[in-house]
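Got a few minutes to walk through a fold together? Take a look at the sequence and the model first.

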Amino acid sequence: METLSLLTQHFVRPANFRMEPRNLERDRPLVVRVLFDREVARWVRESRNFFVVQEEDTPEGLLVTLRVREADEIMPWLLGWGGRVRALEPDAVRQRLMEAGQAILKKNSPVSKRY
């Protein structure tokens with residue numbers, strides 16, 4: 001923000017205005033379940049993602065359930081965990097992670113040193 005102007009107008013909330021409770025099933029229909037390695041569980045909890053609706057410790061690691069409108073909303077966050085996260089569902093998210101990993105490998109292989 002570079003400038004701020006104080007207006008003389010005031011907002012008046014309509015008398016019949018009511019906040020409706022959020023309906024996650026309607027607003028964020030895509031359920032994504034991912035499993036984080038136990039070694040990073042602490043940091044996953046600390047980096048609390050807005051879309052997380054449940055966390056569960058399991059013998060394999062931290063099972064996290066998210067609700068999103070579309071996978072694009074969480075892909076950067078998931079990719080940021082590198083090989084420490086595994087998408088369990090839906091298949092489309094797992095596929096997107098694999099494709100991103102393959103693209104990273106391709107761009108960083110010794111053969112692709114073309115600038």
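Below are some questions and answers about this chain.

This is a predicted model, in which local features need pLDDT of at least 70, side-chain atom pairs count only at pLDDT 80 or more, and totals for chains, interfaces and linings use all residues. Residues are numbered from 1 along each chain as its sequence is written, and side-chain values use heavy atoms, with hydrogens and water left out.

Q: What pattern do the helices and strands follow along the sequence?
A: Helices (H or I, at least four residues) and strands (E, at least two) are DSSP runs, numbered from the N terminus. The protein chain has four helices and four strands. Read in order, they give α-β-α-β-β-α-β-α.

Q: What radius of gyration does the protein chain have?
A: The radius is taken over C-alpha atoms, and the globule rule is 2.2 Å times the number of residues to the power 0.38. For a compact globule of 115 residues, that would be near 13 Å. The C-alpha atoms here fill a box of roughly 65 × 45 × 25 Å along the principal axes. The chain's own radius of gyration is 20 Å.

Q: Which strand gives the largest share of the largest nonpolar core?
A: Such a core is a set of buried Ala, Val, Leu, Ile, Met, Phe, Trp, Tyr and Cys residues joined through side-chain atoms within 4.5 Å; buried means under 20% relative accessible area, exposed over 50%, and partly exposed in between (1.4 Å probe, protein chains only). The largest core here has 22 residues, and those with the most contacts inside it include Val34, Phe36 and Trp77. At least two residues each come from strand 1 (30-37), helix 2 (41-46), strand 3 (61-68), helix 3 (75-79), strand 4 (85-89) and helix 4 (91-108). The largest share, four residues, comes from strand 3.

Q: Which residues does Val34 contact, leaving aside neighbours within four places in sequence?
A: Contact means heavy atoms within 4.5 Å. Val34 is among the residues with the most contacts inside the largest core. Its partners beyond those neighbours are Leu62, Leu63, Val64, Leu66, Leu78, Val85, Arg86, Ala87 and Leu88.

Q: Is Thr65 buried or exposed?
A: Thr65 sits in strand 3. Not counting residues up to four places away in sequence, Thr65 touches Val31, Val32, Arg33, Phe51, Val52, Val53 and Gln54. With a relative accessible area of 11%, Thr65 is buried.

Q: What is the peptide bond from Glu89 to Pro90, cis or trans?
A: Pro90 is in the loop between strand 4 and helix 4, and at 21% relative accessibility Pro90 counts as partly exposed. Leaving out residues up to four places away in sequence, Pro90 touches Leu30, Val31 and Val32. With omega near -5°, the bond from Glu89 is cis.

Q: How far apart in space are Pro90 and Val32, C-alpha to C-alpha?
A: Pro90 and Val32 are 58 residues apart in sequence. Val32 is also one of the residues that Pro90 touches. Their C-alpha separation is 6.0 Å.

Q: What separates the C-alpha atoms of Gln95 and Val52?
A: Gln95 lies in helix 4 and is partly exposed at 35% relative accessibility. Gln95 and Val52 are 43 residues apart along the chain. Their C-alpha atoms are separated by 20 Å.
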